[in-house]
Amino acid sequence: MQAWHVHENGEPSEVMRLAQVEPPTPGDGQVRLRVRAANINFPDALLCRGQYQVRPPLPFTPGVEICGETEDGRRVIANPALPYGGFAEYALADARALLPAPEALDDAEAAALHIGYQTGWFGLHRRAHLQAGETLLVHAAAGGVGSAAVQLGKAAGATVIGVVGGAEKAAVAREQGCDVVVDRRSEDVIGAVKEATGGRGADVVYDPVGGEAYAQSAKLVAFEGRIVVVGFASGAIPSPALNHALVKNYSILGLHWGLYNTKNPELVLRCHEELTELAARGAIKPLVSERVPLSEAAAAVQKVADGRSTGRIAVVMEGAA
């Protein structure tokens, strides 16, 4: 089979190599899946760089989110078991963690429903308890993680403010349902959000960026607001001023979605059922901005690493739906 291998750490376009290898053999509790589509996530770039919290042995195949097919023909979504990731014709996955692919979504969309939407659901509902009528601020609202949070926020009845970088991404954020869009490259984020909320700020802030975005979040969060820390795509990990959280009376909530797979897997299944229902009635639909063949995976991962993508880029195998 064909599979992309990372033999050393570095930039994806430099260290990913397409190789002809034997299909992986499942271990205890694992299944081998024929990959139909593999969604590209920012962690794939971090894996290539050796900067992710999980460091598989070299060489490994990146690709942490797929829509695949079991030997008996079932279409499923899964997180591949590294080092046998999704940028290959076959991948391995934990048999107990397979989830049925929603019929309402094609393979690329189904692959994109998993990590970003599960993270959004847990962040907004389990951690922040977002309520209808509240204001949700989403950083990087045109990205894969951000666009999922925007759609879930709208489905929950919130007013959604999206922060983006550039006119093209602003247009995408509006298409995803943002009520207000702020372009951080041409606008004062703090001033624009305060104006949009009448000076009150956002009840919930969803931050997958960190760095300067978090500093803005602390200034924009409302009384009794909640900042959900999802990741640090900017590469800068902030150091929150806890005296500020005390004086302004807001909460800082960490979210590590992967822990739920071991701590409370039943919640993951319940979340997937809710996401499937939302997809079936058209309330959410993963934004797949590009579909590329397996041969172009390295360039696509680099594009995500450089922050030049909107929504999700999916690697789609020949013959996929």
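## Overall shape

What radius of gyration does the protein chain have, and what would a compact globule with 321 residues have? The protein chain has 19 Å, and a compact globule of 321 residues would come out near 20 Å, so the two agree. Keep in mind as you look around that this is a predicted model.

Along its principal axes, the C-alpha trace spans about 60 × 40 × 35 Å. The secondary structure comes to twelve helices and 15 strands. Of the 321 residues, 53% count as buried. Among contacts with a separation of 6 or more, 66% join residues that are 24 or more positions apart.

## Salt bridges

Let's turn to charged side chains. Side chains of opposite charge can pair when their charged atoms come close. The structure holds 16 salt bridges. One of them joins Glu69 and Arg34, with 2.7 Å from N to O. Glu69 sits in strand 4 (residues 66-69) and Arg34 in strand 3 (residues 30-39), so this pair ties together parts that are 35 residues apart in sequence. Arg34 counts as partly exposed, at 30% relative accessibility.

Glu69 also forms a salt bridge with Arg36, where the closest N and O atoms are 2.7 Å apart. This pair again links distant parts of the chain, with Arg36 in strand 3 and Glu69 in strand 4, 33 residues apart. Both Arg36 and Glu69 are buried. A network of salt bridges links Arg34, Arg36, Glu69, Arg75 and Asp107.

Another salt bridge pairs Glu109 with Lys285, and their closest N and O atoms are 2.9 Å apart. Glu109 belongs to helix 3 (residues 107-111), while Lys285 is in the loop between helix 11 (265-280) and strand 14 (288-292), so the pair ties together parts 176 residues apart in sequence. Glu109 is buried, with a relative accessible area of 9%, whereas Lys285 is partly exposed at 46%.

## A buried charge without a salt bridge

Asp183 is found in strand 10 (residues 180-183). Asp183 is buried yet has no salt bridge, and the nearest side chain of opposite charge, Arg185, is 5.4 Å away. For a salt bridge, the nitrogen and oxygen would have to be within 4 Å.

What lies around the side chain of Asp183? One of its polar atoms is 2.9 Å from the backbone nitrogen of Gly166, and the backbone nitrogen of Arg185 lies 3.0 Å from a polar atom of the same side chain. Leaving out residues up to four places away in sequence, Asp183 touches Val164, Gly165, Gly166 and Ala167.

## Helix 8 and strand 12

In helix 8 (residues 212-220), the buried residues include Ala213, Tyr214, Gln216, Ser217, Ala218 and Leu220. Among the elements that cover them are strand 8 (135-139), helix 7 (189-196), strand 11 (202-207), strand 12 (221-229), helix 9 (242-248) and strand 13 (251-254).

Strand 12 is also the place of Gly225, which is buried with a relative accessible area of 0%. Beyond its neighbours within four places in sequence, Gly225 is in contact with Ala202, Asp203, Asn249, Tyr250 and Ser251. The C-alpha atoms of Gly225 and Ile252 are separated by 8.8 Å, although these residues are 27 apart along the chain.

## Cysteines

How many disulfides does the structure hold? There are zero. The sulfur of Cys67 has its closest cysteine sulfur in Cys271, 17 Å away, which is too far for a bond. Cys67 counts as buried, at 0% relative accessibility, and Cys271 is likewise buried at 0%.

Notes
Residues numbered from 1 in each chain as written. Predicted model: local features only at pLDDT ≥ 70, side-chain atom pairs only at ≥ 80, totals over all residues. Heavy atoms only, no water. Disulfide = S-S within 2.5 Å. Buried < 20%, exposed > 50% of the residue type's maximum accessible area, 1.4 Å probe, protein only. Helix = DSSP H or I, 4+ residues; strand = E, 2+ residues; numbered from the N terminus. Lys, Arg positive; Asp, Glu negative; His and termini not counted. Polar contact = N/O pair within 3.5 Å; in protein donor to acceptor, adjacent residues only side chain to side chain. Contact = heavy atoms within 4.5 Å. Rg over C-alpha atoms; globule rule 2.2 N^0.38 Å.
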